[in-house]
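Open the model in your viewer and keep the selection tool at hand. This tour tells you what to select next and what is there.

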Amino acid sequence: MQLNAQKTTAFSALCRQISSPTLVTHSVFCNILHPKYKNLVLVRGTTIEIYEIKETKNDLGLSFVTSSMLYEEVEDIVVVRFYGHQMDSLLLSFKEAKVAAMTFDIQAYELKTCSLHTYEDLSLKGGRLQFTKTPMLRVDPLQRCAVMLVYDRYLAVLPFRRADALTSAEHLAETPTTPLVEAVWQHKATAPILSTFTTFLSTSTGERINNVIDIKFLYGFYEPTLFVLYEPIGTWAGRVSARRDTCCIVALSLNLQKRTNPVIWFQEQLPFDCHTVIPIPMPVGGVLIIAANSIIYLKQTLPSCGLPLNCYALLSTDFPLRKQSECLVLKVSGLVTPSLISIYIACRDPLST
């Protein structure tokens, strides 16, 4: 996936980049050069740049280290720590459904691709040519696996090798149901990524999940648990009088050995303007769902609660929200490294002028 701008390749006859991209599309903070010191990784379209953080007398500064050019524009990037590695690696997603794992080679002092996967199959497209979501990447907090949203309705699961991982021989030998591009060394005992597979998103009734809004892994579960926020039937602000609370959530428990994803949590009738999921670390747990007019806290073992952010929240949803007109301070108690999680919300009294 890497490209040397100084060398002429067969790809140069089809596409030649005149100037380097300037817009930063993604950024991550990770230990990619040293196990103790953090680095800033920026993605500018087809270019990845690595910066060191330099401390001055009164401020912090950035020092450019190196950059790498890619053949295709990066759609998403996440940080992963493979088993036995002292430094972080990068997972990159590309159109339409491709994934690359990259590590930093200290000796060559450059990023190198260590794994390539593609899930571009006509059977997964369902006859469609346009898709609403880019291939989103998410990593389990305990570094057990990563998932990528494929063609809006499918999940590509990439299990990571761990010390307690038990990989059956039949899973490594069987022919995958979707085309995969994997190196030969991935079937060896030292491969950081095990044999991957795809599965379709579905509810507890077997219905396929459409219009995925956001996906995140949850904290505090024995198996990797993926939280999916979606909207099966869409609506908009001008139609809330006829159709509101159209968003739903579902939690899937990913069994990496049996390659199954049973539903362990389902809830519907959430506000239509939900757009972001924020998992809460343990010992609190649960998730915060951010909507345009409200914030909702959900946990499997506790009743749901919500907080309106403006006067439109109570008019656009029937979800039970706490009435509050003063400035609010919502704190999630519990010690989370390195400090407590605090969310400060300033609300304006809708009755004041």
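Start with the whole chain. Among its contacts (heavy atoms within 4.5 Å) between residues at least 6 apart in sequence, 48% join residues at least 24 apart. This is a predicted model, where local features need pLDDT of at least 70 and side-chain atom pairs count only at pLDDT 80 or more, while totals for chains, interfaces and linings use all residues. Residues are numbered from 1 along each chain as its sequence is written, and side-chain values use heavy atoms, with hydrogens and water left out.

Colour by secondary structure. The chain has three helices and 23 strands. Both are DSSP runs numbered from the N terminus: helices (H or I) have at least four residues, strands (E) at least two. Of the 353 residues, 46% count as buried. Buried means under 20% relative accessible area, exposed over 50%, and partly exposed in between (1.4 Å probe, protein chains only). The accessible surface comes to about 19100 Å², and 55% of that belongs to carbon and sulfur atoms. Such areas come from the Shrake-Rupley method with a 1.4 Å probe; for residues, only the protein chains shown count as cover.

**Stop 1: Arg144 and Asp140**

Select Arg144. It sits in the loop between strand E10 (137–139) and strand E11 (145–150). Arg144 counts as buried because its relative accessibility is 6%. Now add Asp140, found in the loop between E10 and E11. Asp140 is buried too, at a relative accessible area of 1%.

What joins the side chains of Arg144 and Asp140? A polar contact of 2.7 Å. The term covers a pair of N or O atoms within 3.5 Å; within protein, one must be able to donate a hydrogen and the other to accept it, and residues adjacent in sequence count only if both atoms are side-chain atoms.

Show the surroundings. Beyond four places in sequence, Arg144 touches eight-listed neighbours including Pro159, Phe160, Tyr222 and Leu256. With the same kind of exclusion, Asp140 is in contact with Cys145, Phe217 and Pro224. Then pick Leu218: its C-alpha atom is 7.8 Å from that of Asp140, and the two residues are 78 apart along the chain.

**Stop 2: aromatic pairs**

The structure holds five aromatic pairs. Rings of Phe, Tyr and Trp (its six-membered ring) pair if their centres lie within 6.5 Å; planes under 30 degrees apart count as stacked, over 60 as edge-to-face and the rest as tilted. Select Phe82 and Phe160. Their ring centres are 5.4 Å apart and their planes at 90°, so this pair is edge-to-face. Phe82 lies in the loop between strand E6 (74–80) and strand E7 (89–94), and Phe160 in the loop between strand E12 (154–159) and helix H2 (169–173), so the pair ties together parts 78 residues apart in sequence. Phe82 is buried at 2% relative accessibility. Phe160 is buried, with a relative accessible area of 2%.

Move to Phe104 and Tyr109. This pair is edge-to-face, with 5.1 Å centre to centre and 80° between the planes. Buried or partly exposed: which is Tyr109? At 39% relative accessibility, Tyr109 is partly exposed, whereas Phe104 is buried at 7%.

**Stop 3: strand E5**

Select Leu62, in strand E5 (residues 60–70). Leu62 is exposed, at 53% relative accessibility. Ser63 also has its place in strand E5. Ser63 is partly exposed, with a relative accessible area of 24%. Leaving aside neighbours within four places in sequence, Ser63 is in contact with Ile50, Tyr51, Glu52 and Lys54.
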